[in-house]
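Q: I've got a model open and I'd like to learn how to read its sheets and helix packing. Can you walk me through it?

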Amino acid sequence: MASTERDRGSPSSRAVALGISLALVCSASGCRTQGKPDAGASAALHWQAALVDRSVLSAPERADLAASVLREDRWERTEDLHQRTLEAAWRVALGASPQRIVSSVHRVFRGVRRFRKPTDQEEVALRWLTPHGPELPPEGAALYRQLHARARGRLAELGRDRAESAIDAHRFDLARRLLTRALELEPGAADTAELLATLGERERQHDRREPRLTLRTWDVPLAAELVSGSLGPAHVSPTPERELDFVAAAALLLQGQHEAAREGFLALADAPDPLGPLASRWLERPDVDVDGELARAVHGYRVKRLLGWIGGNALAERGTSFTMRSFDVWKNSFTLSNMGVSLPARLVRGWKPDGQPVREAALHYLERKPSGPQAGFARSWLDQVGWPDPDALGFQASFPLPSARSQFERLRLLPVIVSRGAVASGHVTGSSTLLSALEDAPAARLEVHYPPRPVAAEDELELDGFPFARDTARRLLDELAAGIERDHFRWSLETREAALERLRELDAALERGGVLYAESWSPPDLDLLGSFSTTALEGTDQRGALALERGDDDMVAVSDVGNELRACPRDILCIDRERFFRTALYGYAGLSSGAGLGFQSSTKLLGMGLGMTESGPEASLVLPIGRWLAIDAWLPLEAELSLGADPYIGPSCARRSAATLSRTPTKPASAGSCPSASARAASFASTER
Amino acid sequence: MRDRARARICLLPLVSSLAAGCAHGQSDPPLLGLSVSISDLQLHLRDDPYRSFNQLDGDGQNVFAVARWKIERFQRERGLLPDGWQLEDYVLELAHARTLERLHLYRQAIDAYERVAQGPAPMAAPARSSAQTLQRFAALARPLPADASPDEILAEIDRRIAAWTEAAEQMTDPGYASLAREEVEGWERLRVHFLARERGLGDAIDAYEQLVRHHAESKLHPRHLIELGDLHAEEVRDIVLWARAQQEALEGTAFESHFDSALAAYELASEAPLPMFREEAQSRIQALLAYHDGVMNGVY
């Protein structure tokens, strides 16, 4: 969406664009006007007008922008649905396996459902329509009302979800507040009204659960002794009355006889309501039943661990409750990819839940019974879940506060990695600093450090790398940005804007007094087994020359040939020289796509691939017609010619390839070996994330 | 989405009614004898209200508030005036007074104790003793003068802190000592907020750091850390606003140090065992980071 906003630009930029367009049209048609001898003067006038225009977007313009945002969003969703439908029809027509047909039909249904769901674009459109005063045209005002109502509906839905959880947790006050708010947001909503009725019912049930006071025949003298603090256990004579047993157990506890009191409460734990639950509540207290606390914590940990192995964090947290959300989590846990790939991966990695309850219970036990029968058991569990960090509570003894310990990546100024090829491409002015960093390494890592205050003596500074002079540093950043803008370089981040933003951040840091350093950087060594397990668990991994990505039901491995950077760390901007030829070797294996391997090679104007699938060899040729006609920015048209024994080269494969090609103009073309795997392989190889 | 919500709504009453049916076969509330209720209350009275949240039950309700409600209902059902009270009524009133003092309602607790002190001997003695203690508490909890200047208010707050501290040290009954410590903590928190309002954030931060040191064993310790983090975060916002208005760079200001302190305080609070504090601290961390992003991108 950001790009849409940028594309639209401010009135000034639009006026500039208009001026340029007019100038181009004029110059192309050779137009002449009286008193204005050439097009250059006309263009200059337009430029001047554009620069003088300082007006902000008018309300009708904003309304128009909002409508266009929604129109584009609808078009994108329609296109997506059309593509899914076409793919399903293609598979049916070619007699694909039932599994593939079912999978395609499922995708179509998901596409239809997506149509009904609110999107981020609605938020963007709403922002364009705000403020929504009387200056908005009627259609804009109507659109605002519609979007605003939907936004309120979403908030109400969120409130209902939270209220439902609050009801489950018996937090009735909170639930009522949330539902009242949901009703204000969406007056008359039936869902909210029904939940309010449910809440009222649950509150009444809960009230009824509170036992009411009554007087037994023997009660008064005993209660008088209790409340005045003069009751001893001996005063409670043994009777068949179970309530007296509770009083006796309480008296024992009041006198510090924990074991005897625990036995008393244990004997009552099975008693009917309200005595049983009351006794059980006391047994849950660590000061009464430290053994029980440890046993319950260990049991809870084991259950969570089992659920976590099956369905990860979501199932571990919600798997034991009895709600629709929990049902959803269970349902999602039984997908093929989870059972086939993620579950074994979690087992291999030894997934563990949060061990804090066990840690606390074990510590309570050791505190109360350091030599008790379960002491060894408690210690073994502490070994397993971790003993408490001795520094964790260090703050209690002294102040000022320690430094923030978390590594907040968001706050860190991220480095940029530049390959030797990019430096030698001629688009970057050589500097001794950069060459020193590249002396023994294929790439240089550029990072900004702030000089410490007060400035330390030079020999005390322990920063790695070679510092740039300020002017050289800024020139280098400018040249790298220009290379990215002009497609002289390729970059590792998703979009050109994201890559440029990283450079801008470094530039801003220089402005704030930072110093740019360059140090040698080499890609990490390949650890194939570690890569596979990381990919299985986390979805992607990139170590050394091999990039791996796991989809819902397949895994792709790609090696980009001749790539100097090879393994760019995740979320770091890596810049490499743009090569005329780009070649990637790939292999894939999947439940619906089968297995295959091959290579893809492409230039900006042609792409080809050769592969071997389960059905035999195949070849493909991609002709980026849109690029040939220089219209790919608006219409990324391309033709894909495939030859092979596998009948499942559907139009979606080409469509995806075209979409990716339009974003990264130099990516290798799809080899057409499978609908999902190779397309991802191609984009993966080209972006190196 | 609406379908899902409807399905949930349909399922919820079913589930709840099933659960209710399984758990409570009867429609009338269960009955519990006075002795059992009193013994339960006595057990809770052993808890240290300053250090622990044991007075909260599994549903997050304050057991003393629930006990007070039940006792008052029972008293209303009996409908007897003190002149006509029997032994059980004095028992109920003494238990009532205990719940009131744990809810910091000292004046009402004194009244209840004084009524019990008129009754039979076994209960009259402890009631008189408690009333005497609570007279001191009630005097220290009296409202601040409305027409005093800020300096006078601050001096009065300091006097109260000193007096409550002295009371906490002098109490031989651990329950009352714990209550007094809660009061010291409450007045110190008030002092910090008063300083923040009247003297600026710098003094308030210093005072809060002292408070955190004094009350390291308090059950509210994570809460103090969150509030200390809030003060640092407020200082960060203050610095940003001044820098923006005066077209100054943030470098060279205390922006980074306050930001780091706020983050550190929230981090420490997020290690608290109670989920309530953990969640609050984590959301504060996210909010602070979002603010930081905004500052770095010139949003503010």
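A: Sure. A definition to start with: two strands pair if DSSP finds at least two bridges between them. Keep in mind that this is a predicted model.

Q: How many bridges join β11 to β12 in chain A, and in which sense do these strands run?
A: Nine bridges join β11 (residues 582-590) of chain A to β12 (residues 594-602) of chain A, and the two run antiparallel. To find your place, look for Thr583(A), whose bridge partner in β12(A) is Ser601(A).

Q: Where does the chain go after β12(A)?
A: Into a hairpin: four residues connect β12(A) to β13(A). Strand β13 covers residues 607-613 of chain A, and seven bridges join β12(A) to β13(A), again in an antiparallel run. Here you can check Ser602(A), which sits opposite Gly607(A) in β13(A).

Q: What about side chains in a strand?
A: The general idea is that in a regular strand they alternate between the two faces of the sheet.

Q: What is the strand order in the open sheet of six strands?
A: Reading across, the order is β4-β6-β3-β2-β10-β5 in chain A, and the pairing is mixed. At the edges stand β4 (466-467) and β5 (489-491) of chain A; each has a single partner strand, so one side of each has no neighbour in the sheet.

Q: Which pair there shows the parallel sense?
A: Try β2 (residues 416-419) and β10 (residues 573-577) of chain A, which pair in the parallel sense over three bridges. Val418(A) is opposite Ile575(A) in β10(A).

Q: Which strands of this sheet does helix α22 of chain A touch?
A: Helix α22 (residues 496-511) packs on the sheet and touches β2, β3 (443-449), β5, β6 and β10 of chain A, with its direction at about 45° to that of β3(A). Helix α21 (residues 470-485) of chain A lies across β2, β5, β6 (515-521) and β10 of chain A, and runs at about 90° to β5(A).

Q: And two helices packed on each other?
A: Those are described by the angle between their axes and the distance between the axes. In this model, α4 (residues 59-93) and α7 (residues 138-168) of chain A pack at about 50°, with axes 9 Å apart. That angle makes α4(A) oblique to α7(A), and the crossing is left-handed.

Q: Which residues of α4(A) and α7(A) meet?
A: From α4(A) come Ala59(A), Ala63(A), Ala66(A) and Ala67(A); they meet Glu139(A), Gly140(A) and Leu143(A) of α7(A). By class, that contact has five nonpolar, one polar and one charged residues.

Definitions and conventions: Residues are numbered from 1 along each chain as its sequence is written. Chains are lettered from A and ligands numbered from 1 in the order in which they are written. This is a predicted model: local features need pLDDT of at least 70, side-chain atom pairs count only at pLDDT 80 or more; totals for chains, interfaces and linings use all residues. Two residues are in contact if their C-beta atoms, placed from the backbone, lie within 7 Å. Axes are lines fitted to C-alpha atoms, for helices over the stretch in contact, and angles run from 0 to 180 degrees between N-to-C directions. Angles under 35 degrees count as roughly parallel, over 145 as roughly antiparallel, 65 to 115 as roughly perpendicular and the rest as oblique. A crossing is left-handed if the near helix is turned anticlockwise from the far one by less than a right angle, and right-handed if clockwise. Ala, Val, Leu, Ile, Met, Phe, Trp, Tyr, Cys and Pro count as nonpolar, Asp, Glu, Lys and Arg as charged, and the others, Gly among them, as polar.
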